[in-house]
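Colleague: I am new to this one and would like a short tour. Could you take me through it step by step?

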Amino acid sequence: MADDRTIVAQKIASQDEEHAPYGGVVPEIAARAHAERLSPMIAAVLAEADVGLEELDAIAATAGPGLIGGVMVGLVSAKALAMASDVPLYAVNHLEGHALSPRLADPSLEFPYALLLVSGGHCQIIRVEGVGRYRRLATTIDDALGEAFDKTAKILGLGFPGGPAVERLAREGDATAVPLPRPLAGSSEPHFSFAGLKSAVLRAHESGRFEAADIAASFQQAAIDCVVDRLRRALDAMEPVETLVVAGGVAANASVRTALEALADDWGLRFSAPPPSLCTDNAAMIAWAGQERLHAGLAADPLDFAARPRWPLDPAAEAVRGAGV
Ligand code: ATP
Ligand code: FE
C-alpha cells in the first residue's frame, strides 16, 4: 500500500475449496493452509511490488480476533519481517480493517460516520469517531448476518461460502413468497438477532411448499428489513453523523447496498461503501488500517504483541449476548 492509497500489490489465497466439503471453516485446516502458503505469498507480493523490506515505512498484520492458528502464523511472520528489516510493526484488529476500509476506497469520507459492520462473525453498528476510536451501539445477540447467509445456503444446499450463492439465487425468486419473521424489529435497543430467521428458513425448506429461489429471496429481504429497522433505531439514538457506511463481507451484497443507500437518502445522509473486493477479507484493508494508525501518529506495537482470539473494537461496550434484549 503506497502513501497515495494505491494498492501496489495484493494477493489472496482462498481456502474455500479446502473447507467447502465441511460446510464451514475447519480451524486445523485453516492454520495449516496459512503456514503452507504465507511465506511464498509474501515473497511473491514483494516481488510484484518491486520493493525491498527496508523501503517499507511499516508492516501491518492482523493480530485478531479470529481463529487463532491462522492469526498466529500471520502475526509471527510479520514480526520476523519487522525484526529482520528494522521496520515498525502495527498489530491490527481485523475489525478495524473492515471499519476503516471505506476510507481507503473513498478519500472524501471523514470521521465521524455511522458504520454497519456485517461479516461472517460480526453484525454491529458502530459510530466511527477516529482512528482507534469506535463506539459500538449494537451487536448481535446470536448469529452474525454473514453466518445467517451461510446457514441459509447450507439449508438450501448451495455450498460454502453461502452469501454470494444466496444472493444469486435470490435474484430468481419472489421475496414475498415465504412468510419469515423479522427478529427484534421495533425493539427499543438497536441490537440484532438472526437465529430465529435461520430456523424459520429451515422450517420453510422442510415443509416442501416453497421453491429454493423464493426462500433465498424472502430470507434476503427479511434480513435486509431487520438491518434497516435496527439501523433506524441506532441512527435515532446516535450523536449526529453525515455519512452512513457499510463494510464487511455482506456489504458486497447488491440488495443490501441498495437498501442502505435508500435509508441514507431517507435520513439525509451521504452513503459510502467500499467496492465488493474490499468488503470480503483482503490484505489491503489491513495495510490501510496500519497506514491510518501510522499517519494518525499512533505508536507502533511491540514485537511481543500476542495474537488475540477475542478483541472487541469497543472494549467499553456492554456484552449483550444472551442478555435478553
Ligand atoms: P469477521 O470479519 O467477522 O471476522 P470473516 O472475516 O469470516 O468474519 P468476511 O470475510 O468479512 O467474514 O465476510 C464473509 C461473510 O460475508 C460470509 O459469511 C459470506 O457469506 C458473506 N458474504 C460475502 N459475499 C456476500 C454477498 N454477496 N451477499 C451476502 N453475504 C456475503
Ligand atoms: Fe472479515
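**A walk around two annotated residues**

Colleague: Happy to start with trust: which element has the highest confidence in the protein?

Modeller: Keep in mind that this is a predicted model. The mean pLDDT of the protein is 96, with 98% of residues at 70 or more. Confidence is lowest in helix H1 (residues 16-19), at a mean of 92. The highest mean, 99, belongs to strand E3 (residues 113-118).

Colleague: Thanks! Is glycine 163 buried or exposed?

Modeller: This glycine is among the residues to which UniProt, in an unreviewed entry, gives the feature "binding site". Its place is in helix H6 (residues 163-170). A residue needs 20 or more other C-beta atoms within 10 Å to count as buried. Glycine 163 has 27 such neighbours, so the verdict is buried.

Colleague: And where does asparagine 253 sit in the chain?

Modeller: Asparagine 253 is also on the UniProt "binding site" list. With 26 C-beta neighbours inside 10 Å, asparagine 253 counts as buried. Strand E6 (243-247) comes on one side and helix H9 (254-266) on the other, so to speak, and the place of asparagine 253 is the loop between strand E6 and helix H9.

Colleague: Which residues does asparagine 253 contact, leaving aside its neighbours within four places in sequence?

Modeller: Let us begin from the partner's end. Glycine 163 touches Gly146, Phe149, Asp150, Gly249, Val250 and Asn253, not counting residues up to four places away in sequence. Glu167 is another residue in the UniProt "binding site" feature. Seen from asparagine 253, the contacts are Gly163 and Glu167.

Notes
Residues are numbered from 1 along each chain as its sequence is written. Chains are lettered from A and ligands numbered from 1 in the order in which they are written. This is a predicted model: local features need pLDDT of at least 70, side-chain atom pairs count only at pLDDT 80 or more; totals for chains, interfaces and linings use all residues. UniProt positions are given in the numbering used here, feature names are shortened, and annotations may be inferred rather than shown by experiment. Helices (H or I, at least four residues) and strands (E, at least two) are DSSP runs, numbered from the N terminus. A residue is buried if 20 or more other C-beta atoms lie within 10 Å of its own, exposed if 12 or fewer, and partly exposed in between; C-beta atoms are placed from the backbone. Two residues are in contact if their C-beta atoms, placed from the backbone, lie within 7 Å. pLDDT is the predictor's confidence in each residue, from 0 to 100.
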